[in-house]
Amino acid sequence: MNSSQYRVFVCTKQRPADSSEGCCCDRGALDIYQAFQDEVDRLQLGDRVEVRKSGCLDRCEAGVVAMVYQPNRGEFNWLPTKLRVKLRKLLFPKRYLYGNLTTDDVRAIVQRHLLNGQVVRQSQISTNE
Ligand code: FES
């Protein structure tokens with residue numbers, strides 16, 4: 001990963017059709033992922049924002065789910081990756097979960113949160129602020 005100001009992880013988990021849990025993929029996660037990519041490209045935020053597909057973010061009932069994460073650069077770079085990630089989660093938990101996402105929500109999140117630093121409360125499902 002590069003040193004982006006924000007990272008967006010879009011859950012694209014796909015479960016079997018007979019799964020009782022459902023999954024974000026069946027609710028249009030790939031379209032939401034593409035909408036994030038398109039909006040970031042349109043606003044030329046590629047050097048500040050990194051959009052990635054992720055596995056289950058453990059809020060399947062609110063799919064499609066995406067997490068906006070504001071990494072802290074440079075801390076603990078001398079540690080092994082797994083330990084570094086755990087420490088960052090504990091010490092710098094600036095993570096925001098958005099759910100029930102539509103492409104309109106994506107535009108709002110990119111323009112308000114990623115561009116102006118304002119959390120989009122109406123789409124937010126939890127935070128570790
Ligand atoms: S399948 Fe997307 S949050 Fe669980």
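**A chat about the core and loops of a predicted model**

Modeller: Of the 29 residues in the largest nonpolar core, those that touch the most other members are Val8, Val10, Ile32, Phe36, Ala66 and Val68. Please keep in mind that this is a predicted model.

Biologist: Thanks! Which element gives the largest share of this core?

Modeller: Several elements give two or more residues to the core: strand S1 (6–11), H1, S2, S3, S4 and H3. Among these, the largest share is six residues, and the element that supplies it is H1.

Biologist: Val8 was on your list of core residues. Which residues does Val8 touch, leaving out those up to four places away in sequence?

Modeller: Val8 is one of the core residues that touch the most other members. Once residues up to four places away in sequence are set aside, the partners of Val8 are Phe36, Val49, Val51, Ala66 and Val68.

Biologist: In what order do the elements of the chain run?

Modeller: Let's start with the inventory: the chain has three helices and five strands. Read from the N terminus on, their order is β-α-β-β-α-β-α-β.

Biologist: What percentage of the contacts with a separation of 6 or more comes from residues 24 or more positions apart?

Modeller: Here we take the contacts in the chain with a separation of 6 or more and ask which of them join residues 24 or more positions apart. Their share is 71%.

Biologist: And what percentage of the 129 residues counts as buried?

Modeller: A residue needs 20 or more other C-beta atoms within 10 Å of its own to count as buried. Of the 129 residues of the chain, the share that counts as buried is 27%.

Biologist: Now for the loops. Is Gln44 buried or exposed?

Modeller: Gln44 sits in the loop between helix H1 (29–42) and S2. Its phi is positive, about 55°, although Gln44 is not a glycine. Because Gln44 has 8 C-beta neighbours inside 10 Å, and 12 or fewer is the cut-off, this residue counts as exposed.

Biologist: How many other C-beta atoms lie within 10 Å of Asn100?

Modeller: Asn100 belongs to the loop between strand S4 (95–98) and helix H3 (103–116). Asn100 is a residue other than glycine with a positive phi, near 50°. Asn100 is partly exposed, and the number of other C-beta atoms within 10 Å is 15.

Biologist: One last thing: which residues does the cis peptide bond join?

Modeller: Look in the loop between strand S2 (49–54) and strand S3 (66–69), where Val64 has its place. The bond has an omega of about 5°, and the residues joined by this cis peptide bond are Gly63 and Val64.

Methods
Residues are numbered from 1 along each chain as its sequence is written. This is a predicted model: local features need pLDDT of at least 70, side-chain atom pairs count only at pLDDT 80 or more; totals for chains, interfaces and linings use all residues. Helices (H or I, at least four residues) and strands (E, at least two) are DSSP runs, numbered from the N terminus. Two residues are in contact if their C-beta atoms, placed from the backbone, lie within 7 Å. A nonpolar core is a set of buried Ala, Val, Leu, Ile, Met, Phe, Trp, Tyr and Cys residues joined through C-beta atoms within 7 Å.
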